[in-house]
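Subject: Structure handover

Hi there,

Here is the structure I promised to pass on to you. Please open it alongside this note, and then read on for what turned up.

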Amino acid sequence: MFKLKQLFSRQKKTYANKPDLAGVPYHVAVIMDGNGRWAKKRGLPRIAGHRAGMESVKEITTAADDIGVQILTLYAFSTENWKRPEQEVDFLMRLPQEFLLLELETLMKNNVRIRILGDLDALPSHTQTSINAACEKTKNNTGMVLNIALNYGSRTEILDAIRSIAKDVKAGLLDPESIDESAINSRLMTQGIPDPDLLIRTSGELRLSNFLLWQCAYTELWFTDIFWPDFKREHFYEAIRAYQKRGRRFGGLK
Ligand code: IPE
Ligand code: IPE
Ligand code: MG
């Protein structure tokens with residue numbers, strides 16, 4: 001009821017190119033890319049790009065919630081991003097807690113639930129503490145789920161699922177013949193979350209970079225040259241409207 005009321009009141013707001021609310025994708029995933037190039041273009045250090053990118057995180061979270069997206073998954077740090085210079089990694093590890101410190105109150109007010117995809121154990125303890133507190137605090141919220149993929153890698157996720165299946169087979173708990181898609185789905189970090197309907201990648205790169213490989217089997221892909229710090233509500237709605245024009249067939253006939 002709260003969510004409905006919230007949606008109704010927000011629907012009164014008019015945005016230039018607001019999509020048709022009837023066909024809004026349930027789950028949108030975003031590869032937030034181009035922070036470094038955004039900064040470089042301005043003669044700034046890469047970390048300035050990451051800081052500017054935080055503003056887009058805030059704006060897109062609100063923009064998604066405003067039109068009734070139920071799940072928003074944001075790729076914040078990949079398992080491969082550890083290859084970057086230590087100083088940049090340190091900075092990136094501080095951003096989630098900074099975001100949560102500034103935004104938690106608003107997220108609570110908007111009934112948003114925070115979830116994390118990725119291996120939290122490998123993160124610095126200060127990052128873990130703030131994330132765990134935010135997940136705990138928002139766990140009973142019933143509005144949009146904001147999934148933050150942090151130290152996430154799809155191949156590791158799939159390998160872990162395979163390992164878990166192998167253990168169950170070895171222990172005699174699972175018959176190899178009965179291994180099906182749900183046996184994998186239930187062992188992924190996205191367990192219980194429907195696959196993304198739409199995946200957006202900014203900055204002109206046309207690849208998945210180890211993001212939700214299994215889950216994106218039938219996801220609609222949308223790419224833009226815009227760097228993440230410049231990606232705003234209007235661009236997000238442009239992606240949604242493009243999605244709404246697609247015909248999803250899932251291998252069948254329309
Ligand atoms: C995305 O921006 C943020 C992370 C990957 C953490 P980048 O830092 O990859 O920016 P570019 O791609 O180098 O411009
Ligand atoms: C993907 O971007 C990871 C995140 C946005 C967190 P990268 O910038 O790491 O991807 P590549 O290296 O260009 O493939
Ligand atoms: Mg990049």
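A salt bridge here is a side-chain nitrogen of Lys or Arg within 4 Å of a carboxyl oxygen of Asp or Glu. Please keep in mind that this is a predicted model, and that the values below are computed from it.

**Salt bridges**

Side chains of opposite charge can pair when their charged atoms come close. Searching the whole structure for such pairs gives 17 salt bridges.

K58 is a good place to begin. One of its partners is E55, with the closest N and O atoms 3.2 Å apart. Both residues belong to helix α3, which covers residues 46–67, and because they are three residues apart there, about one helical turn separates them. Are the two partners buried or exposed? With under 20% relative accessible area as the cut-off for buried, K58 counts as buried at 18% relative accessibility. E55 counts as partly exposed, at 43%.

K58 also forms a salt bridge with E103, and there the closest N and O atoms are 4.0 Å apart. K58 lies in helix α3 while E103 lies in helix α4 (residues 86–109), so this pair ties together parts that are 45 residues apart in sequence. E103 is buried too, its relative accessible area being 16%.

Another salt bridge joins K139 to E136, where the closest N and O atoms are 2.7 Å apart. K139 counts as partly exposed, at 42% relative accessibility.

There is also a network: salt bridges link D33, R37, R201, E205 and R207. Several of these names come back below, in the surroundings of the ligands.

**Ligand 1**

Which residues surround ligand 1? They are M32, D33, G34, N35, G36, R37, R46, H50, A76, N81, R84 and L92. D33 and R37 from the salt-bridge network are thus part of these surroundings.

Three polar contacts are worth a look in your viewer:

- R37 places a polar backbone atom 2.8 Å from an oxygen atom of ligand 1.
- R46 uses its side chain, with a polar atom 2.8 Å from an oxygen atom of the ligand.
- R84 also uses its side chain, a polar atom of which lies 2.7 Å from an oxygen atom of ligand 1.

As for how covered the ligand is, ligand 1 taken alone exposes 380 Å², and the protein buries 86% of that. Ligand 1 sits in the largest pocket. Two elements, α2 (35–41) and α3, give two or more residues to the shell around ligand 1. The largest share, three residues, comes from α2.

**Ligand 2**

Where does ligand 2 sit? The space it takes is the largest pocket, and ligand 1 sits in the largest pocket as well. Around ligand 2 are I31, M32, D33, Y75, A76, F77, N81, R84, R201, R207 and S209. This group includes D33, R201 and R207, which are members of the salt-bridge network.

The polar contacts to look at here come from side chains:

- D33 has a polar side-chain atom 3.2 Å from an oxygen atom of ligand 2.
- N81 has a polar side-chain atom 2.9 Å from an oxygen atom of ligand 2.
- R207 has a polar side-chain atom 2.8 Å from an oxygen atom of ligand 2.

Ligand 2 on its own exposes 390 Å², of which the protein buries 77%. Strand β2 (residues 71–78) gives the largest share of the shell around ligand 2, namely three residues.

**Two backbone angles to check**

Most residues other than glycine have a negative phi, and most peptide bonds are trans. Which residues here have a positive phi although they are not glycine? S209 is one of them, with phi near 45°, and N210 is another, at about 65°.

S209 lies in the loop between β5 (198–201) and β6 (220–223), and N210 lies in that loop too. In accessibility, S209 is partly exposed, with a relative accessible area of 30%. N210, on the other hand, counts as buried, at 14% relative accessibility. S209 is also among the residues around ligand 2, which links this loop to the site described above.

Happy browsing, and write back with any questions.

Best wishes

Terms used: Residues are numbered from 1 along each chain as its sequence is written. Chains are lettered from A and ligands numbered from 1 in the order in which they are written. This is a predicted model: local features need pLDDT of at least 70, side-chain atom pairs count only at pLDDT 80 or more; totals for chains, interfaces and linings use all residues. Side-chain values use heavy atoms; hydrogens and water are left out. Helices (H or I, at least four residues) and strands (E, at least two) are DSSP runs, numbered from the N terminus. Buried means under 20% relative accessible area, exposed over 50%, partly exposed in between (1.4 Å probe, protein chains only). A residue is near a molecule or strand if one of its heavy atoms lies within 4 Å of it. A polar contact is a pair of N or O atoms within 3.5 Å; within protein, one must be able to donate a hydrogen and the other to accept it, and residues adjacent in sequence count only if both atoms are side-chain atoms. Accessible areas come from the Shrake-Rupley method with a 1.4 Å probe; for residues, only the protein chains shown count as cover. On a 1 Å grid over the protein atoms alone, a cavity is a set of points where a 1.4 Å probe fits but cannot get out, and a pocket is an open set with protein on both sides within 12 Å along at least five of seven lines; lining residues have an atom within 4 Å of a point. A molecule sits in a cavity or pocket if more than half of its atoms lie within 2 Å of its grid points.
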